[in-house]
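I opened the notebook to go through how the helices pack. I also wanted a few single residues on record.

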Amino acid sequence: MFFSQAGARPRMWEASPSEYKKWVEVFKACDEENKGCLSRENFKVAVVMLFGYKPSKIEADAVMSSVDPNTSGILLKEFLDIVRKKKEAQLYRNEIRHIFTAFDRHYRGYLTLEDFKKAFKQVAPKLSERIILEVFRFFKK
């Protein structure tokens, strides 16, 4: 799936009912004391269960700093919002990777100016070569 406009972000992604249910189940499983919220450590466990990696200290700090100080952790509603945003970002990165791979015809892991020109000819055939060159130089930095 390609975006209709260059650089456009995907619309807000919504979880399927089964995925949403899984997130709630993970929250409940990680809420060991049934307090209705996740501690910092329990949040990390939930991320491992859903995304397969342990969040860095920076990521955990960012999440915990956004939590209401009147609660003792991340509430279900906040958790679901965090997970939805992470999933949305993951899908966006995967789509960018897919697009890049489609234009990296020689599987080198980078695009040459010629690859870049061919890609733009396919998605924006009326774009001038001067602009394509400027964009290439911008991303090459």
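**Helix 1 against helix 2**

I looked up the handedness first: helix 1 passes helix 2 in a right-handed crossing. This is read from a predicted model. The two axes come within 9 Å and cross at roughly 140°. From helix 1, I noted K22, W23, V26 and C30 in the contact. They meet N42, V45, A46, M49 and L50 of helix 2. I sorted the contact residues of helix 1 and helix 2 by class: seven are nonpolar, one is polar and one is charged.

**Helix 1 against helix 4**

Next I took helix 1 with helix 4. Their axes come within 10 Å and cross at roughly 125°. The two helices are therefore oblique to each other. I logged this crossing of helix 1 and helix 4 as right-handed. Helix 1 brings E19, Y20, W23, V24, V26 and F27 to the contact. Helix 4 brings L76, F79, L80, V83, R84 and K87. The class count for helix 1 with helix 4 is nine nonpolar, no polar and three charged residues. I saw W23 and V26 listed for helix 2 and again for helix 4.

**Helix 4 by itself**

Does the length of helix 4 fit its residue count, and what span should I expect? Helix 4 covers residues 76-103, which is 28 residues. At 1.5 Å a residue, helix 4 should span 40 Å. I found its end C-alpha atoms 41 Å apart, which agrees.

Then I listed which residues of helix 4 are buried. They are F79, L80, I82, V83, R84, K86, K87, E88, Y92, E95, I99 and F103. I asked what covers them. The cover includes helix 1 (17-30), helix 2 (40-51), helix 3 (57-65) and helix 5. Strand 1 (37-38) and strand 2 (74-75) are also among the covering elements. F79, L80, V83, R84 and K87 are on the buried list, and I had already logged these residues in the contact with helix 1.

A general point I kept beside the list: an α-helix has 3.6 residues a turn, so residues three or four places apart point the same way.

**Helix 5 against helix 6**

I moved on to helix 5 (residues 113-123) and helix 6 (residues 129-140). Their axes come within 10 Å and cross at roughly 125°. That makes helix 5 oblique to helix 6. The crossing of helix 5 and helix 6 is right-handed. On the helix 5 side I wrote down L113, F116, K117, F120 and K121. On the helix 6 side I wrote down E129, I132, L133, V135, F136 and F139. By class, this contact of helix 5 with helix 6 has eight nonpolar, no polar and three charged residues.

**F136**

I picked out F136 in helix 6. Is F136 buried or exposed? Its relative accessible area is 13%, so I entered F136 as buried. Leaving out residues up to four places away in sequence, F136 touches L111, T112, L113 and F116. I also checked F136 against S39: they are 97 residues apart in sequence and 45 Å apart in space, C-alpha to C-alpha.

**Two positive phi values**

N34 sits in the loop between helix 1 and strand 1. Its phi is near 50°, positive in a residue other than glycine. At 66% relative accessibility, I counted N34 as exposed.

Y107 lies in the loop between helix 4 and helix 5. Y107 is not a glycine, yet its phi is positive, about 55°. I noted Y107 as exposed too, with a relative accessible area of 68%.

How values were computed:
Residues are numbered from 1 along each chain as its sequence is written. This is a predicted model: local features need pLDDT of at least 70, side-chain atom pairs count only at pLDDT 80 or more; totals for chains, interfaces and linings use all residues. Side-chain values use heavy atoms; hydrogens and water are left out. Axes are lines fitted to C-alpha atoms, for helices over the stretch in contact, and angles run from 0 to 180 degrees between N-to-C directions. Helices (H or I, at least four residues) and strands (E, at least two) are DSSP runs, numbered from the N terminus. Angles under 35 degrees count as roughly parallel, over 145 as roughly antiparallel, 65 to 115 as roughly perpendicular and the rest as oblique. A crossing is left-handed if the near helix is turned anticlockwise from the far one by less than a right angle, and right-handed if clockwise. Contact means heavy atoms within 4.5 Å. Ala, Val, Leu, Ile, Met, Phe, Trp, Tyr, Cys and Pro count as nonpolar, Asp, Glu, Lys and Arg as charged, and the others, Gly among them, as polar. The expected span of a helix is 1.5 Å times one less than its number of residues. Buried means under 20% relative accessible area, exposed over 50%, partly exposed in between (1.4 Å probe, protein chains only).
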